[in-house]
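Work through the exercises below with the coordinates open, and try each task before you read its solution.

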Amino acid sequence: MKNTIATLKERKQNRQKITMLTAYDYTTAKLMDESGVDCLLVGDSLGMVMLGYDSTVSVTMEDMIHHSKAVARAAKSAFVVTDLPFMSYQTSVYDAVFNAGRLIKEGQAQAVKLEGGQAFSEHIKMITQASIPVVAHIGLMPQSVLALGGYKVQGKDYQDAKNIVLDALAVEQAGAIAIVLECVPADLAKLISQLVSIPIIGIGAGVNCDGQVLVYQDMLSMYDGVASKFVKSFAPIGHHMKQAFTDYCQEVKQQQFPASIHEFAIDSEVMSKLKSEFQS
């Protein structure tokens, strides 16, 4: 059965945890969907883990649409959320609604995600009024990392913590269907989860959120970047992939692959005629 806004809200009400992972391609998304992951996030993190950029700010709408379509084709059960990339919505409410519509229509997403709290309430409200579900992203916001002074925990002092609480209340009031809460103290995340009726999906925000999200390259040790404290490696897939690539190169060079079991046969009489014709 396909996950929807209603099923995600029901999960929160029933205190059933929501699982979310990033996905950027059909094959990986299909494996996640078949594994029972509730939500697939086509994150602008693809700029770093798929395209090799230093940050998310270079990601374009075309990038997001391209990857979103691939993920959506694989998601038979999972709910697909796609990021609005940097400067696709900050410039105006009109741009926000227009580009959100592109992600739904062209990217086949079921919801869009944008970074920002109180300052983007009007954007969320108008996108929602256009019948487009919105997931808000507050706390540490990667698109604003320059303004925030780097990738660091948010909400550690009273005023910053209060602002994050106000952000959560504001985006809920504006019509957001869920909130991604990144890199905040666990007790603050627990309070916010209790204050709002919409699901809180945490990343580096502790166990008391309504769900969790991770970048899949991080949780599979595939990405060589510095691992954050909140990341757990669930399998050393990166190591296994490197070893497989090394073994492949070695076997090809040593003529161990392909072996006879990997080859197709041809009738000997056919080969004799061909050799007679072309090698005489």
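A polar contact is a pair of N or O atoms within 3.5 Å, where within protein one atom must be able to donate a hydrogen and the other to accept it, and where residues adjacent in sequence count only if both atoms are side-chain atoms. The model is predicted, so local features need pLDDT of at least 70 and side-chain atom pairs count only at pLDDT 80 or more, while totals for chains, interfaces and linings use all residues. Residues are numbered from 1 along each chain as its sequence is written, and side-chain values use heavy atoms, with hydrogens and water left out.

**Exercise 1. Describe the surroundings of Asp 33, beginning with its polar contact to a backbone nitrogen.**

Step 1. A polar atom of the Asp 33 side chain lies 2.9 Å from the backbone nitrogen of Ser 77.

Step 2. Asp 33 itself belongs to helix α2, residues 26-34, where helices (H or I, at least four residues) and strands (E, at least two) are DSSP runs numbered from the N terminus.

Step 3. Counting contact as heavy atoms within 4.5 Å, and setting aside residues up to four places away in sequence, Asp 33 touches Ala 74, Ala 75, Lys 76, Ser 77 and Ala 78.

Step 4. Asp 33 is buried and has no salt bridge, the nearest side chain of opposite charge being that of Lys 2, 5.7 Å away. Here buried means under 20% relative accessible area, exposed over 50%, and partly exposed in between (1.4 Å probe, protein chains only); Lys and Arg count as positive and Asp and Glu as negative, with His and the chain ends not counted; and a salt bridge is a side-chain nitrogen of Lys or Arg within 4 Å of a carboxyl oxygen of Asp or Glu.

**Exercise 2. Which parts of the chain do the salt bridges of Arg 11 and Lys 12 link?**

Step 1. A search of the whole structure gives six salt bridges.

Step 2. One of them joins the side chains of Arg 11 and Asp 38, with N to O at 2.8 Å; this pair links distant parts of the chain, with Arg 11 in helix α1 (residues 5-13) and Asp 38 in the loop between α2 and β2 (39-42), 27 residues apart.

Step 3. Arg 11 counts as partly exposed because its relative accessibility is 21%, whereas Asp 38, at 6%, is buried.

Step 4. Lys 12 pairs with Asp 210, the closest N and O atoms being 2.7 Å apart. Lys 12 is in helix α1 and Asp 210 in the loop between β7 (200-203) and β8, a separation of 198 residues, and both residues are buried.

**Exercise 3. Locate the salt bridge between Asp 83 and Lys 113, and state whether its two residues are buried or exposed.**

Step 1. The closest N and O atoms of Asp 83 and Lys 113 are 2.8 Å apart.

Step 2. Asp 83 is in strand β3 and Lys 113 in strand β4, 30 residues apart.

Step 3. Both Asp 83 and Lys 113 are buried.

Step 4. Elsewhere, Glu 62, Arg 102 and Glu 106 are linked in a network of salt bridges.

**Exercise 4. Find the residues with a positive phi that are not glycine, and the cis peptide bond.**

Step 1. As background, most residues other than glycine have a negative phi, and most peptide bonds are trans.

Step 2. Gln 108, in the loop between α5 (93-105) and β4, has a positive phi of about 60°, and at 47% relative accessibility Gln 108 counts as partly exposed.

Step 3. Ser 131, in the loop between α6 (121-129) and β5 (134-139), has a positive phi of about 65°, and Ser 131 is exposed, with a relative accessible area of 66%.

Step 4. The cis peptide bond joins Phe 257 and Pro 258, with omega about 0°, and Pro 258 lies in the loop between α11 and α12 (268-278).

**Exercise 5. What does Ser 55 contact, leaving aside its neighbours within four places in sequence?**

Step 1. Ser 55 sits in the loop between α3 and α4 (61-74) and is buried, with a relative accessible area of 18%.

Step 2. With those neighbours left aside, Ser 55 is in contact with Gly 47 and Met 48.

Step 3. A polar atom of the Ser 55 side chain also lies 3.4 Å from the backbone nitrogen of Val 57.
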